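Work through the exercises below with the sequence and the structure side by side. Each task is followed by a solution that goes step by step.

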Amino acid sequence: MSKLALTIDGKSIQTAEGQTVLSAARENGIHIPTLCYHPRTKQAGKCRLCVVEVEGLPGLRVSCSLEAKTGMVVRTNTEQVIETRKMIIELYLSNGKHNCLACEANGACELQDAAYRLGIDKPAFPEIPKDKPYDDSCPMIIRDMNKCIQCYRCIEACNSIAVNDVLDMGFRGSSMTVVCDTDKPMGKSSCVVCGECVQLCPTGALTEKKAVGKGRAWEMKTIKTTCGYCGVGCQLDLHVKDNRIIKVTGAENTAPNYGSLCVKGRFGYDYVHSPERLKSPLIKKDGKFEEVSWDEALDFVAGRLTEIKDKYGPGAIVGIGCARSTNESNYVMMKFMRAVIGTNNVDHCART
Amino acid sequence: MVAIAERILLTKSNVRELHSISVYLEHGGYQALKKALSMPPADIISMVEQSELRGRGGAGFPAGRKWRFLPAGRQLKRYLICNADEGEPGTFKDRQIMEFDPHLLIEGMTIAGYATGSCQGFIYIRGEYDWIAKVLVRAIKEAEDIGFSGNNILDTGFSFCVDVFRGAGSYICGEETALIESIEGKAGRPRLKPPFPASCGLYGEPTVIHNVSTLAFVPFIIERGPEAFKSFGKPGSYGTKMFGLCGHVNKPGVYEHPLGVSLKKLIYEDAGGIKGGKRLKAVIPGGLSAPVLKANEIDISMDFDSLTAAGSLLGTGGIIVLDEGVSIPFVAQKTAKFFAHESCGKCTPCREGTNVIRFLMDRLMQGKGSLNDIEQVLRLCRYMKGATLCALGEAAALAIGTMVRKFRDEFEELVK
Ligand SMILES: Cc1cc2nc3c(=O)[nH]c(=O)nc-3n(C[C@H](O)[C@H](O)[C@H](O)COP(=O)(O)O)c2cc1C
Ligand code: SF4
Ligand code: SF4
Ligand code: SF4
């Protein structure tokens, strides 16, 4: 891909053709704040926080949606730009209910970060009472629309990434709010609880219900692992405090899932800490299960399979593989049945 | 009475039943379409370009240049949209054509459709104009029956259908991309530009969108030529414009004049001066979005450049006249309420900014405000400008900011 040169804040920089001014700036360590932009939902232009001045163009331009062009002269820190950004953040703070002390997103909130970086203490505008829905009807997700900054990221997540078509913006002006289906409570909507929307929400408007009160962002370690549920092998980030999983998010920027997860991978982690979880093999002896070593269990299974094969022939044995386990596991299963047992009786669960 | 020679669009306003096709034909109707269909489309675009016709919907963009933005090659499906949303407060000019001379619009659209290679035209009309929508539907049917519209027009092989689409009562649906979203069945919220409609518009296809009055000039330009059009008006602002006068005037109504007519003449001659012999206080010269002019600023030529130079806008040409009895803070409060109510909500400066301005204006009017409230209104108006996704938020900031700046003493009166 060919490169082009432009100037940002007096610094001449190179970027690939087709890049936006925002990415060009970020690649080169020039900070431009954003709220509605996310690399996975792309071009946005809604919050207007990423505005910059461009020589020869009237007004301000949103850098998230402005293609970098050769010779462009961009300024990211003029009085007009900084004051516009401050106004936007102050408007958010005066038009919503943002109590960071009690918010789950404290420490991991993009609105809080932007306010901090712009040095905003309290908005100069009056606080306008808001009474938008607080919806905890979904078993896994809490929606507090008084903290919503109308960035549309959840909507893009639901419609363009997860493609579940549940969320959209309803109403207009300052009443504009994210709605599920035709403004139903989330728990009664067609939502499949994949949590894509929660992951992309920049504020505390969408949060994981099970994580409430369990810990602050800075108290948690993030541990990357592979989801144990199926053969897709989604990459997870476990958010762990005191050796317990507080919540799970999809690992961004990596195959195969690039941040997306299903309801089980994201919310079905309780089994990890279950006291009933099996930790060693069991063999039924005298009508009761007993814990045994792996060696004993494998010897027992091999012995019984050999016995059956000797007595009734290999045709008496069938192997059922798991449709959700990996290709490699299923290959080994097939190989084992044909080469070791000597039968073509192999199938998988989804067909039985 | 304005001399007929001074007009292009309203020359036949004395003709009765002009809305019926037989009367329209008797008065030379559809001759321009016949002429256009005998010409190559590129020549029509050139004529419109040479006429220097600028859009009458508010922004004044040159029509011919807009048509040139269409992608080359005619393989793509294209659409032509007539913007008949006429939602700008104080504006009531387009209905004059649609209600009394609907065939002029249909003829203009069909010529524009032919020139731009469009297959389908839409008239997006504001929901409140329900009876006018019926007039249009009837006129389209008449034109189709005689072969001036629909399939294989006048046996030339060119087909162009016009459909009437009624809006549902939202001001923002007059913004071209919100209008397109609305026709597509979505909530009326503007799209991020670029891409512009000429490359990616209705259903993702190249689309040309024009105000009713812009399209209504096309038959004249084709029939009489670009020079005839340019004999009206002045450089940069050729042709005429229908000005709608309302408010405290003796004879509110629509008056057509060449661009460059004096605002003073419009108010005192056409509209018969201020009602009840009162003194003039202020004029909003181009629909509510246009910044207010003080009484001593009305000696001005009504054209694109002069009004911009005076810090206002020609806008829609809807002129709102306010007499000495009017409280400007009251007007500002109503204006703030309007824009806050009509903001689509998509971008932050407009959604939240208009809401805070409305809140502050209410507080000021209730006598509970402070000097700081006035400063914060001005701060919002200053920084919303240039930062919004579409022109609605910017218009709110300009209109209200100008009222506060020019009549600041009246606002300060409220906090004494
Ligand atoms: C908030 C808003 C409302 C608008 N309403 C109208 C309208 O009612 N009628 C109209 O013709 N143009 C309206 N416009 C302008 C259109 O976006 C567009 O510029 C115009 O239809 C183009 O036509 P023209 O080139 O013939 O002027 C509006 C623009 C904005 C930002
Ligand atoms: S959880 Fe998934 S399906 Fe439900 S609203 Fe969020 S993104 Fe859409
Ligand atoms: S809920 Fe979150 S992601 Fe969705 S619009 Fe609001 S702030 Fe953005
Ligand atoms: S300026 Fe106002 S109307 Fe226009 S996109 Fe932004 S919120 Fe919507």
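**Exercise 1. How many salt bridges does the rule find across the interface of domain 1 of chain B and domain 3 of chain B, and which residues of domain 1 of chain B lose the most area there?**

Solution. A salt bridge is taken as a side-chain nitrogen of Lys or Arg within 4 Å of a carboxyl oxygen of Asp or Glu, and by this rule zero salt bridges are found across the interface of domain 1 of chain B and domain 3 of chain B. Three residue pairs, both partners at pLDDT 80 or more, are in polar contact between these two domains, a polar contact being a pair of N or O atoms within 3.5 Å, where within protein one must be able to donate a hydrogen and the other to accept it, and where residues adjacent in sequence count only if both atoms are side-chain atoms.

The model is predicted, so that local features need pLDDT of at least 70 and side-chain atom pairs count only at pLDDT 80 or more, whereas totals for chains, interfaces and linings use all residues. Residues are numbered from 1 along each chain as its sequence is written, chains are lettered from A and ligands numbered from 1 in the order in which they are written, and side-chain values use heavy atoms, with hydrogens and water left out.

Next, place the domains. The bounds, which come from an automatic or database domain assignment, are 2-231 for domain 1, 234-323 for domain 2 and 328-415 for domain 3 of chain B. The C-alpha centres of domain 1 of chain B and domain 3 of chain B lie 35 Å apart, and the contact (heavy atoms within 4.5 Å) takes eleven residues from domain 1 of chain B and eight residues from domain 3 of chain B.

Finally, consider the area. Buried area is the accessible area (1.4 Å probe) that two parts lose on being put together, summed over both; between domain 1 of chain B and domain 3 of chain B it is about 820 Å², with carbon and sulfur atoms giving 73%. On the side of domain 1 of chain B, Y171(B), I172(B) and P190(B) lose the most area to domain 3 of chain B, together 57% of what that side buries.

**Exercise 2. Describe the interface of chain B and chain A, and state which helix gives the most residues to the side of chain B that touches chain A.**

Solution. Begin with the extent: 34 residues of chain B are in contact with 38 residues of chain A. The two chains bury about 2,800 Å² between them, 56% of it on carbon and sulfur atoms, and in chain B the residues L192(B), R379(B) and Y383(B) lose the most area to chain A, together 22% of what that side buries.

Then turn to the polar terms. The rule finds three salt bridges across the interface of chain B and chain A, and R172(A) forms a salt bridge with E342(B), their closest N and O atoms being 3.2 Å apart. The residue pairs in polar contact between chain B and chain A, both at pLDDT 80 or more, number 17.

For the helices (DSSP runs of H or I, at least four residues, numbered from the N terminus), α14 (328-342), α15 (348-365) and α16 (371-384) of chain B each supply at least two residues of the side of chain B that touches chain A. With eleven residues, α15(B) gives the most to that side.

**Exercise 3. Which peptide bonds in the loop between α8 and β4 of chain B are cis?**

Solution. P194(B) lies in the loop between α8 (176-183) and β4 (207-211) of chain B, and P195(B) lies in that loop as well; strands are DSSP runs of E, at least two residues. The peptide bond from K193(B) to P194(B) is cis, with omega near -5 degrees, and the peptide bond from P194(B) to P195(B) is cis too, with omega near 0 degrees. Most peptide bonds are trans.

**Exercise 4. Which residues come nearest to ligand 2?**

Solution. A residue counts as near if one of its heavy atoms lies within 4 Å. Of the 13 residues around ligand 2, C158(A), C191(A), C194(A), G195(A) and C197(A) come nearest.
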